[in-house]
Amino acid sequence: MNSSMTSSYPSTPLEKFDHQDKVFAQAFTVLQQAIDQQAFPAASLAVTHQGNLVALKAVGHFTYKAQSEEFAAGAPPFSRTSREEPALSLSKGGDFDARSTTPEPGAPFLASFARSGDFPVHPSTLFDLASLTKVVATTTMAMLLYERGLLDLEAPAAAIVPEFTTDKEKDPRRHEVTLHMLLAHSSGLPAHEKFFLKARTRAELRQAAFTTPLATNPATQAVYSDIGFIILGVALERLADESLDRFSQREIFAPLAMTHTTFNPPVEIRAQIPPTADERLGSKEEPCGSDTPVQQLPQAHPPQSASHQALRSTFRQRVIQGEVQDENASVLGGVAPQAGLFSTAADLAKFAQALLNQGHPILRPETVTLFTRRESTPPGTTRALGWDTPSTPSLSGKYFSPQSFGHLGYTGTSLWIDPTRQLSITLLTNRTWPDSSNQTINQVRPKLHDAIIEALEKKN
């Protein structure tokens, strides 16, 4: 990253969005049209440019209007599942404690949701970040441990997580998998498995991840893998001798004044968070999985295949609101390396600005460069360490520079950062409501990004 481009910019963006409705009229229209077309019920957007927060906009409601009326009229009660574990939460002072914040699902919580279904979203609204957790928390933790000499990127994963080599097949290739490969999604592990269907505890789910067979030879293909990040997260926690949530709060969120960023939001604020899934019995189940790779652009309305017509997940048998949508992360207690973080667009703008400012005040410039630069292997990869980079075509649109890096979240979130333009764009939505079958967001993302950059170029 060129120091001459970044040294003059503050690590926290300055608020300068007084004229955003005029400057970004077309971009905001793209968001509103997406909501009108039911690509997602709610969205929150933040744009930083040259050290300034130039746009902060929230549009839509927690759910679609017709559904809000349905819930208000009454609905079946929620039911607790045996797979739930005590959750870690933010205390009033902003630190994590061990008190359970798992709601007692029943009439009071249902009534709360019925009232909140048609709430408009605000810039202060928290969203489930899904796999943005991988870069905001997990990858940043890896960067900090690397700087402190605690993480050797080329160390075998099995050296820190010996359980990784205790599979029944005794596959010798597993010894070749390094922490570098886990970060770069080139470990040979498959993308995703529904561990939650059998694993009832955190320990059981981790064991299932440890023993998942390799799908390809290590370092030969880039396959975006939630499983790889579960194993990486265990390694990082052992290296730090601290849990992911505690480490992230002290070393990342607090220094960057990300005061609205947390795992497992407290029960008392969950009704203020847009729901991400309707898993009540009687709903149509749909296949769940990891995020769509950045380089893929699926059709807005995919063919009605047998898989698409399958019933949607009823794993927790309730509306998912204020708790992680990812089922594997739920079994892991809501604090997981692949998903579980909640935040606001404004908080992510602070995080993005720190990376645009060469990592200050939490990281060194050379570390940011190392982790956000596209890998040279395997052939054809678009991955950096933890991050992704623009491809052709890309959900980032057509204007982000080759030096850019970003990531997606399954719930309809994304973060793209361009050091060359000194630009970041954060988009948070709950596109998985009421299920994940609608992929229209993949047309919205590039259109929105292009409209924002065109507006900035016109302004300048």
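**Figure 1. Salt bridge between E237 and R206 in the predicted model.** E237 and R206 form a salt bridge in which the closest N and O atoms are 2.9 Å apart. The pair links distant parts of the chain, with E237 in helix 10 (residues 226-240) and R206 in helix 9 (residues 202-210), 31 residues apart. Both E237 and R206 are buried. A search of the whole structure finds 15 salt bridges.

**Figure 2. Salt-bridge network of R148, E242, R250 and E251.** Salt bridges link these four residues, R148, E242, R250 and E251, in a network. Within the view, E242 pairs with R250, and their closest N and O atoms lie 2.6 Å apart. R250 has a relative accessible area of 42% and is therefore partly exposed.

**Figure 3. Salt bridge between R383 and D388.** The side chains of R383 and D388 meet at 3.6 Å, N to O. R383 counts as buried because its relative accessibility is 5%, under the 20% limit. D388 is likewise buried, with a relative accessible area of 0%.

**Figure 4. Surroundings of S44 in strand 2.** S44 belongs to strand 2, which spans residues 42-49. With a relative accessible area of 0%, S44 is buried. Not counting residues up to four places away in sequence, S44 touches K57, A58, H122, P123, F127, A345, T426, L427 and L428.

**Figure 5. Open sheet of 6 strands.** The strands follow the order 1-3-2-13-12-11, with mixed pairing. Strand 1 (14-15) and strand 11 (405-409) stand at the edges; each has a single partner strand, so one side of each is left without a neighbour in the sheet. Strand 1 pairs with strand 3 (residues 52-60) in the parallel sense over 2 bridges. Here L14 stands opposite N52 of strand 3.

**Figure 6. Largest nonpolar core, with F351 and W387.** Of the 80 residues in this core, F351 and W387 touch the most other members. Helix 6 (residues 132-147) gives the most to the core, with 9 residues. Another core, of 30 residues, lies apart from it and has V47, I453, A455 and L456 among its members. Leaving aside neighbours within four places in sequence, F351 is in contact with V135, V136, T140, I252, L256, M258, W387 and L415.

**Figure 7. Stretches with pLDDT below 50.** The mean pLDDT of the protein chain is 85, and 80% of its residues reach 70 or more. Over residues 73-111 the pLDDT is below 50, and this stretch has 91 contacts in the model beyond near neighbours in sequence. Residues 285-289 also stay under 50, with 23 contacts beyond four places in sequence. Where pLDDT is low, the predicted coordinates should not be read in detail.

How values were computed: Residues numbered from 1 in each chain as written. Heavy atoms only, no water. Helix = DSSP H or I, 4+ residues; strand = E, 2+ residues; numbered from the N terminus. Buried < 20%, exposed > 50% of the residue type's maximum accessible area, 1.4 Å probe, protein only. Contact = heavy atoms within 4.5 Å. Pairing = 2+ DSSP bridges. Core = buried A, V, L, I, M, F, W, Y, C linked by side-chain atoms within 4.5 Å. pLDDT = per-residue confidence, 0-100.
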